[in-house]
Amino acid sequence: MNDYSDFLASEFNHNELRKILKNYKNSTKESESLKLVLKTIDVSKLKNWINEDQNRINNYCYSTESPLDLSKTDDKIISKLAERIYKFRCSIAHAKGDVDEYIAVPTVSESEIIKELDIMKFLSYEVLISWSKM
């Protein structure tokens with residue numbers, strides 16, 4: 001049997017699924033969705049990755065936009081990451097106009113957004129790996 005056949009043959013708790021879906025439906029905010037996705041990453045890997053480079057420590061732990069406190073619990077770090085990602089996303093997405101003639105000017109500078117690219121790459125990779133195992 002393959003994994004899918006095993007899954008179909010296994011006992012499935014439909015009540016538990018309903019509870020999860022109901023909770024998800026009640027918290028469909030984008031930031032809450034981000035937390036759900038990020039909860040699968042290994043926070044210790046993130047901490048190690050940040051601590052390997054002084055520039056990362058400066059950019060992510062001492063930044064003015066949602067600094068990460070690596071001494072906090074994993075859940076608090078995930079929440080802060082979600083908040084950080086959401087702030088940068090909104091800065092970019094809400095800056096664009098509805099008409100092609102408008103020029104998009106993010107509320108966060110381009111240099112600040114560029115600093116976020118490394119952590120976004122790291123998190124994207126970790127999320128893809130963790131979700132591909134599910």
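This is a short talk on the salt bridges, the nonpolar core and one buried serine in a predicted model.

Hi everyone, and thanks for coming. Please keep in mind throughout that we are looking at a prediction.

Let me start with the charged side chains. How many salt bridges are there? The count comes to eight, and I'll walk you through some of them.

Take helix 3 to begin with, which runs over residues 30-38. Here Lys35 and Glu32 pair up in a salt bridge, with 3.2 Å from N to O. The two sit three residues apart in that helix, about one turn. For anyone who likes the reasoning spelled out: an α-helix has 3.6 residues a turn, so residues three or four places apart point the same way. As for exposure, Lys35 has 22% relative accessibility and counts as partly exposed, and Glu32 is also partly exposed, at 28%.

Now please look at helix 7, where Lys115 and Glu112 form a salt bridge, again with 3.2 Å from N to O. They too are three residues apart, about one turn of the helix. Lys115 is partly exposed with a relative accessible area of 35%, and Glu112 is partly exposed at 23%.

There is also a network to point out: salt bridges link Lys80, Glu83 and Lys87.

The next pair takes us across the chain. Glu126 and Lys45 make a salt bridge whose closest N and O atoms are 3.3 Å apart. This one ties together distant parts of the chain, with Glu126 in helix 7 (residues 110-132) and Lys45 in helix 4 (residues 43-51), 81 residues apart. Is Glu126 buried or exposed? Glu126 counts as buried, because its relative accessibility is 8% and the cut-off for buried is under 20%. Lys45, on the other hand, is partly exposed at 40%.

Let's stay with helix 4 for a moment. Which of its residues are buried? They are Val43, Leu46, Trp49 and Ile50. These residues lie on the same side of helix 4, because they cover an arc of only 120° around the axis.

That brings us to the core. In soluble globular proteins, nonpolar side chains tend to be buried together. In this model, the largest nonpolar core has 20 residues, and those with the most contacts inside it are Leu46, Ile50, Leu81, Ile119 and Leu123. Helix 4, helix 5 (54-61), helix 6 (74-93) and helix 7 each give two or more residues to this core. Helix 6 gives the most, with five residues.

If you want one residue to zoom in on, try Ile119. Setting aside residues up to four places away in sequence, Ile119 touches Leu46, Trp49, Ile50, Tyr60, Leu68 and Leu81.

My last stop is a polar residue, Ser63, in the loop between helix 5 and helix 6. Ser63 is buried, with a relative accessible area of 13%. What does its side chain reach? One partner is the backbone oxygen of Asn59, at 3.3 Å. Another is the side chain of Arg84, in a polar contact at 3.1 Å. Leaving out neighbours within four places in sequence, Ser63 is in contact with Asn58 and Arg84.

So, to recap: we have eight salt bridges, a largest nonpolar core of 20 residues, and a buried Ser63 whose side chain makes a polar contact with that of Arg84. Thanks for listening, and I'm happy to take questions.

Definitions and conventions
Residues numbered from 1 in each chain as written. Predicted model: local features only at pLDDT ≥ 70, side-chain atom pairs only at ≥ 80, totals over all residues. Heavy atoms only, no water. Salt bridge = Lys/Arg side-chain N within 4 Å of Asp/Glu carboxyl O. Helix = DSSP H or I, 4+ residues; strand = E, 2+ residues; numbered from the N terminus. Buried < 20%, exposed > 50% of the residue type's maximum accessible area, 1.4 Å probe, protein only. Arc of directions from axis to C-beta. Core = buried A, V, L, I, M, F, W, Y, C linked by side-chain atoms within 4.5 Å. Contact = heavy atoms within 4.5 Å. Polar contact = N/O pair within 3.5 Å; in protein donor to acceptor, adjacent residues only side chain to side chain.
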